[in-house]
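Subject: Structure for you to look at

Hello,

Here is the structure I promised to pass on. Please open it first, then read my notes beside it.

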Amino acid sequence: MKKKLIGLALSAVMLFSALSVPAFAAAHEETTTEEENCFFSSSDETEEEPNSITYVALGDSICSGIGLMNVQYSHNLMGVDVSSNFKGYPETCYVGQVAKSLNLDTDHAINLGLPGAMSKDMVEMVKTGSMAEMNMLSGCQYNYPEFIDYIKSADVISIQLGSNDAFVPTVVAFGEATDWKSEDLASIVLSGNLRGGNQEAEDALNESLKKLDLTRSEKDAIWNLFFSGMSKICEDAYPESTSNLRQIVETVKELNPDAQILIIGATNPVPLLPSWSNYFNKLNSYEKQLAEVYGATYVAIPFAQTELDGHPTVSGHKYIADKIVKAIKAAQ
């Protein structure tokens with residue numbers, strides 16, 4: 001069942017992204033601001049003092065670097081073990097790029113990104129360092145008591161969560177609608193051929209979609225999911241996400257009252273779906289308010305470029321990292 005969920009998650013991302021990537025690219029070109037252009041054109045060549053702070057990043061697969069080369073993980077009885085990625089993360093993920101900008105080694109820049117984690121899972125992790133039971137929707141269960149020590153020892157803690165609260169239930173609904181026909185899309189995604197955004201990638205995606213060979217009832221179920229089912233999923237996800245995010249920030253602040261807390265906003269990889277756009281807009285507004293209430297810093301990332309698999313590109317991670325570094329330096 002876990003493998004089926006993993007394959008299906010990949011398939012769902014591909015299907016949603018296929019519907020939305022052209023619009024996302026157009027929106028990006030139309031809404032890029034002068035501030036963003038100035039941000040990318042400027043650079044700070046001043047070399048930072050080595051290991052002057054300890055940075056800990058909490059998050060999901062975006063944080064961990066899924067989609068990039070050299071993400072460290074292994075399989076175990078509870079699903080996936082990513083503990084080796086805490087310090088062995090890809091240099092190109094945003095944690096690695098923050099570390100490079102601030103001259104931090106891997107003992108001072110810790111990546112606690114947990115693929116598949118929903119906000120309710122992170123509540124457990126920051127409170128106890130362990131999930132009491134498997135999340136049956138995502139198929140993940142993590143047990144890392146060292147989470148607590150990492151949080152307590154940090155000078156800066158970033159929190160990036162919320163997408164999976166809507167995405168994981170959508171994945172399950174997509175599986176049920178298609179009788180779990182995910183293998184064709186999953187195999188082509190795992191091959192890596194869809195990361196690149198070129199015509200070959202689009203052709204491969206279209207071909208894999210055709211191979212799903214959906215029945216009429218399955219196609220009808222997918223349309224129902226798009227036009228009504230996902231609205232209900234997002235409506236249900238929002239109150240749970242906001243409640244859990246508040247608990248996460250509250251708990252982190254209790255564990256380490258002196259740390260700078262950064263709440264990383266979300267980027268919607270599927271802007272053509274109104275229910276998702278509404279969910280992410282509301283979530284970002286709430287996160288900004290949450291930061292104000294708890295004395296944290298909200299880091300908006302509206303222009304983080306994503307690949308067809310829904311995760312940030314290397315440039316997307318660089319953009320997120322630059323925003324984080326800017327927020328850290330502003331507080332020094």
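**A pair in the sheet**

Start with Ser-158, which stands opposite Leu-262 in β6. Bear in mind that this is a predicted model. Ser-158 falls within strand β5, residues 156-160. β5 and β6 pair in the parallel sense, over four bridges.

On its other side, look at β7, residues 297-299. β6 and β7 pair in the parallel sense too, over three bridges. Here Ile-264 stands opposite Val-299 in β7. How does the chain get from β6 to β7? It passes through helix α12, residues 274-294. This β-α-β crossover is right-handed.

**Inside β6**

Is β6 enclosed or open? Five of its five residues, 260-264, are buried, so the strand is largely enclosed by the rest of the structure. Both faces are covered. Gln-260, Leu-262 and Ile-264 are buried on one side. Ile-261 and Ile-263 are buried on the other.

**The whole sheet**

Strands of a sheet pair through backbone hydrogen bonds, either parallel or antiparallel. In this sheet the pairing is parallel. Five strands form an open sheet, in the order β4-β1-β5-β6-β7. The edge strands are β4 and β7, and each pairs on one side only. From one strand to the next, the twist averages 20°.

At the β4 end, five bridges join β4 to β1, residues 55-59. These two strands run parallel. Find Leu-58: it stands opposite Leu-112 in β4. Helix α13, residues 314-331, packs on the sheet. α13 touches β1, β5, β6 and β7. Its direction makes about 150° with that of β6.

**Two helix pairs**

Two packed helices are described by the angle between their axes and the distance between the axes. Try this on α6, residues 119-128, and α11, residues 216-255. Their axes come within 9 Å and cross at roughly 15°. An angle under 35 degrees counts as roughly parallel. α6 and α11 are therefore roughly parallel to each other. The crossing is left-handed. Residues of α6 in the contact include Met-122, Val-123 and Val-126. On the α11 side, Asn-244, Ile-248 and Val-252 are among them.

Now turn to α11 and α12. Their axes come within 10 Å and cross at roughly 20°. That makes α11 roughly parallel to α12. α11 passes α12 in a right-handed crossing. From α11, the contact includes Cys-234, Tyr-238, Leu-245 and Val-249. From α12, it includes Trp-276, Tyr-279, Leu-283 and Tyr-286.

**One residue to click on**

Select Ser-241, which lies in helix α11. Is Ser-241 buried or exposed? Its relative accessible area is 0%, so Ser-241 is buried. Ser-241 takes part in the contact between α6 and α11. Ser-241 also belongs to the contact between α11 and α12. Which residues does Ser-241 touch, leaving aside its neighbours within four places in sequence? They are Ser-119, Gly-162, Asp-165, Tyr-279 and Leu-283.

**Two asparagines in loops**

Asn-70 has a positive phi of about 70°, although it is not a glycine. Asn-70 is found in the loop between α3 and β2. At 55% relative accessibility, Asn-70 counts as exposed, because the cut-off for that is over 50%.

Asn-103 also has a positive phi, near 60°, and is a residue other than glycine. Asn-103 is in the loop between α5 and β4. How accessible is Asn-103? Its relative accessible area is 25%, so Asn-103 is partly exposed.

**The chain as a whole**

Last, step back. The secondary structure comes to 13 helices and seven strands. The chain has 332 residues, and buried residues make up 53% of them. Take the contacts with a separation of 6 or more. Residues 24 or more positions apart account for 76% of these.

Best wishes

Notes: Residues numbered from 1 in each chain as written. Predicted model: local features only at pLDDT ≥ 70, side-chain atom pairs only at ≥ 80, totals over all residues. Heavy atoms only, no water. Buried < 20%, exposed > 50% of the residue type's maximum accessible area, 1.4 Å probe, protein only. Pairing = 2+ DSSP bridges. Right-handed = clockwise from strand over helix to strand, strands pointing away. Axes fitted to C-alpha atoms, helices over the stretch in contact; angles between N-to-C directions. Parallel < 35°, antiparallel > 145°, perpendicular 65-115°, else oblique. Left-handed = near helix turned anticlockwise from the far one by under 90°. Contact = heavy atoms within 4.5 Å.
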